[in-house]
Structure formats: C-alpha cells, structure tokens
Amino acid sequence: MTTINKAIKLKYMSVLTQDLPKLFDAAADFMPINGTDHIELYVSNAKQAAHYYRTAFGFQPLAYRGLETGSREMESYVVVQDKIRLVLTSPLVSGTAIGKHIDKHGDGVKVIALWVDDASYAFAETVRRGATPAMEPMVERDEFGEVVKSAIRTYGEVLHVFIERKNYEGEFLPGFKKWETPRFTTEAIGLKYIDHMVGNVSIGQMDRWVKFYEEVMGFAQILSFDDKEISTEYTALMSKVMSNGNGRIKFPINEPAPGLKKSQVEEYLTFYEGEGVQHIAVATDDIISTVAALRARGVEFLEVPDTYYDALTERVGRIDEDIEALKELNILVDRDDEGYLLQIFTKTVQARPTMFFEIIQRKGANSFGKGNFKALFEALEREQELRGTL
Ligand code: FE2
C-alpha cells in the first residue's frame with residue numbers, strides 16, 4: 001500500500017495553492033534550497049550533444065568553456081530553457097577523470113547543482129551531518145562578480161554542487177563566456193523547470209539514501225511505493241520520494257526488487273555500471289503542444305497500447321484535455337487526492353539504455369503517476385525484450 005507520512009501529508013495538502021508545498025516549518029529547514037541551479041552531464045561529444053538538446057528539445061545556447069576560454073582539458077556547452085540549465089561536458093585530452101567517467105558509465109549526469117544562499121554553510125552543515133565532502137568551498141570570480149561553490153557526494157559518482165550566486169551578474173558562472181553561435185529556428189517548446197530527478201540505486205541501498213537525504217540534507221520522505229505496487233508479471237522495483245522543505249527539489253530513489261526477469265532498474269545498473277540518475281522530469285504548462293513539438297523534432301517516446309485510453313475517463317474522471325489528442329500523442333494521465341497530472345517518458349537518450357526524460361504537466365496533483373506504472377513498465381519491458389536484456 002502507498003504510505004504517505006500523515007503529518008506531512010496534512011501540512012502538504014493544506015497549503016497547496018499556487019505556492020510550493022511547505023513540508024516543514026521554514027525555521028526548521030536548516031538548508032533552504034532555492035531550486036536546481038543546473039545539471040551537468042559528462043558526455044562523449046559535448047558539441048553534438050548540445051546540438052541535440054537545442055534541435056530536439058528546444059534549448060537555447062547560453063555559455064561555453066573550452067580552449068578559447070583557457071580550458072585546456074575539457075569543453076562545456078551550456079544550454080537553457082526557462083529555469084532549466086544543462087551543462088554538457090567532454091574531455092579534450094585522454095586520461096581525465098571526465099574521460100574515465102564516460103568510459104565506465106557512458107553519457108550520464110555527474111552533477112545535480114543546487115542553488116543556495118550560502119554555499120560555505122551548506123557544505124559545513126551537510127559534512128557535519130555526515131556527507132562525504134567532494135569540494136571545499138571556493139570562490140570563483142570574473143568581471144561580473146563572484147560565485148561560491150562547494151560539493152558533496154551522493155549515490156554512485158553523482159555530486160551535489162552547492163552554488164551561491166547572489167553576488168554574480170554573469171550569464172552562467174565564472175570561467176564561461178557567452179556562447180556565440182548562429183541561432184537557428186529551434187524555438188523553446190515550453191519546458192519550464194526541473195520537476196524531479198530520479199536516482200537508481202543498488203539492491204538494499206534505497207533506505208541508506210533515504211536516510212542520507214533526511215539526515216544530511218534535511219529532506220523528508222513524502223511517498224513510498226513497494227514492489228507490489230510497482231510490478232508487472234515479470235519485474236518489480238521499490239521507490240521512495242524525498243523532498244526538500246519548500247518542495248522545489250524532489251528526488252525519488254528507486255531500487256530493484258526480485259522478479260521473474262531482470263527489471264528496468266537492474267538493466268540500468270548493469271549498463272551504467274553503477275548507481276546514477278535514471279530520469280530528469282521537466283515541467284510544461286501545455287503538454288500537448290510540448291509533446292507535439294518534441295515528436296515533430298524526432299524525440300522518441302515509450303508507447304502504451306490504445307486500450308489504455310478506453311478506460312481513461314473511468315479511471316481519472318473529467319479532465320480539461322481532449323482524450324483523442326492525448327491518445328494521438330500517447331500522453332498518460334493520473335489522478336490523486338489533489339488533482340491530476342499528465343506525463344510521458346522518452347526512450348533512453350544516449351547509446352546505453354540508461355537515462356531518459358519525463359515531460360510532466362501538473363494540474364493540482366503532487367504525486368508521480370502511480371496509476372500509470374503498470375502500463376509504463378510493460379512498455380519498458382517491450383523495449384528491454386527488443387534489447388535482449390529482460
Ligand atoms: Fe518521474
């Protein structure tokens with residue numbers, strides 16, 4: 001059964017208006033996070049990856065770092081859409097830590113950077129609470145001001161970098177310059193902000209990372225799903241959703257559960273050769289136009305059978321959207337006590353069957369689409385079957 005921490009749920013529900021849910025007392029939230037600052041992916045060809053995110057996902061060029069800016073060992077392209085910033089980084093020489101990361105994991109998320117008011121305090125406090133330090137607080141400066149950065153480790157080889165940018169006016173970060181490139185017609189397609197980011201961890205490790213987010217980061221668990229809920233005939237997984245105090249940062253953590261066949265999480269762990277970010281969920285205010293644009297640009301999505309839509313109204317009740325349009329685009333719908341949500345998942349977006357994106361539009365619902373799990377996992381298993389990895 002789904003278990004929601006009752007005390008939290010009461011608070012959570014009582015303040016759901018336009019504002020972000022307040023899970024805690026503001027005073028008790030020892031480390032307020034303003035939002036996701038950026039996500040950095042280590043990829044084998046940053047230049048081409050940047051082109052993909054521009055062309056297919058409608059991101060716009062923002063900043064660049066490479067030989068021309070004095071960076072001799074690595075090159076990064078930063079793309080932006082509304083509040084979402086992706087940094088795509090590749091090595092320029094052999095033998096770097098970035099190159100080793102790519103050799104082991106393929107393309108994937110290295111950094112989930114969190115925007116804080118005080119990066120020195122965030123580091124000191126999380127380390128005092130048990131975090132493994134990755135980078136002591138350091139100040140970076142250029143003509144636009146200064147930024148303080150620090151970092152701690154989370155699951156796998158993923159880092160949380162704390163970014164304090166209140167004294168900075170530049171495009172992105174010191175060390176980067178404005179990325180001057182010919183603009184071509186890839187208009188933004190309505191992606192607004194990061195709704196949540198999911199981590200896949202090894203069997204038996206979910207509770208360890210739940211504890212990490214609770215004790216070290218001051219997050220609270222807002223939902224949990226056991227293997228009976230997230231299972232098909234063949235495979236299963238368990239998941240717990242962690243949220244920070246103002247609800248802007250949500251990290252579901254998955255671990256595989258025993259099943260007859262190899263689950264999607266196990267496939268990820270095998271091909272990523274370790275724990276890491278499974279999907280990045282991005283929010284839109286108009287999922288029909290966003291997904292239509294993504295499909296027109298060649299982005300591939302998981303497909304559910306047409307029969308999914310036969311029982312849709314019965315399951316979710318009245319919704320504003322035209323069911324035929326949703327069916328045409330294969331967009332899924334789910335309802336909870338607070339409202340409903342629309343969502344769709346891309347196929348994996350790099351050579352290895354590891355990371356993918358979710359596009360989500362929330363209309364009151366603050367859950368994660370539990371009612372769609374079965375249909376989705378069956379769709380995922382059809383993909384795994386084709387890859388011979390089920
Ligand atoms: Fe998700």
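**A pocket lined by strands, and an open sheet**

By class, the lining of the second largest pocket is made up of 14 nonpolar, one polar and seven charged residues. The model in which this pocket is found is a predicted one, and the volume computed for the second largest pocket is about 450 Å³. Its lining comprises 22 residues, of which Glu40, Tyr42, Val111, Lys149 and Val161 are the closest to the centre of the pocket. The elements that contribute two or more residues to this lining are β1 (35-42), β5 (108-115), β6 (133-142), β7 (145-153) and β8 (159-164).

Turning to the chain as a whole, one counts eleven helices and 17 strands. The radius of gyration is 20 Å, close to the 21 Å that the globule rule gives for 390 residues, so the chain is as compact as a globular protein of that length. The C-alpha trace spans about 60 × 45 × 40 Å along its principal axes, and 56% of the 390 residues count as buried.

Further along the chain there is a sheet to follow. Eight strands form this open sheet, with mixed pairing, in the order β11-β12-β13-β10-β14-β17-β16-β15. At its edges stand β11 (220-225) and β15 (332-336), each of which has a single partner strand, so that one side of each is left without a neighbour in the sheet. From one strand to the next, the twist averages 25°.

In general, the strands of a sheet pair through backbone hydrogen bonds, either parallel or antiparallel. Here, strand β16 (residues 339-345) and strand β17 (residues 356-363) run antiparallel and are joined by five bridges, and Leu341 stands opposite Arg362 in β17.

Terms used
Residues are numbered from 1 along each chain as its sequence is written. This is a predicted model: local features need pLDDT of at least 70, side-chain atom pairs count only at pLDDT 80 or more; totals for chains, interfaces and linings use all residues. Side-chain values use heavy atoms; hydrogens and water are left out. On a 1 Å grid over the protein atoms alone, a cavity is a set of points where a 1.4 Å probe fits but cannot get out, and a pocket is an open set with protein on both sides within 12 Å along at least five of seven lines; lining residues have an atom within 4 Å of a point. Grid points are joined across faces, edges and corners, and a volume is the space filled by probe spheres set on the points. Helices (H or I, at least four residues) and strands (E, at least two) are DSSP runs, numbered from the N terminus. Ala, Val, Leu, Ile, Met, Phe, Trp, Tyr, Cys and Pro count as nonpolar, Asp, Glu, Lys and Arg as charged, and the others, Gly among them, as polar. Two strands pair if DSSP finds at least two bridges between them. Axes are lines fitted to C-alpha atoms, for helices over the stretch in contact, and angles run from 0 to 180 degrees between N-to-C directions. The radius of gyration is taken over C-alpha atoms; the globule rule is 2.2 Å times the number of residues to the power 0.38. Buried means under 20% relative accessible area, exposed over 50%, partly exposed in between (1.4 Å probe, protein chains only).
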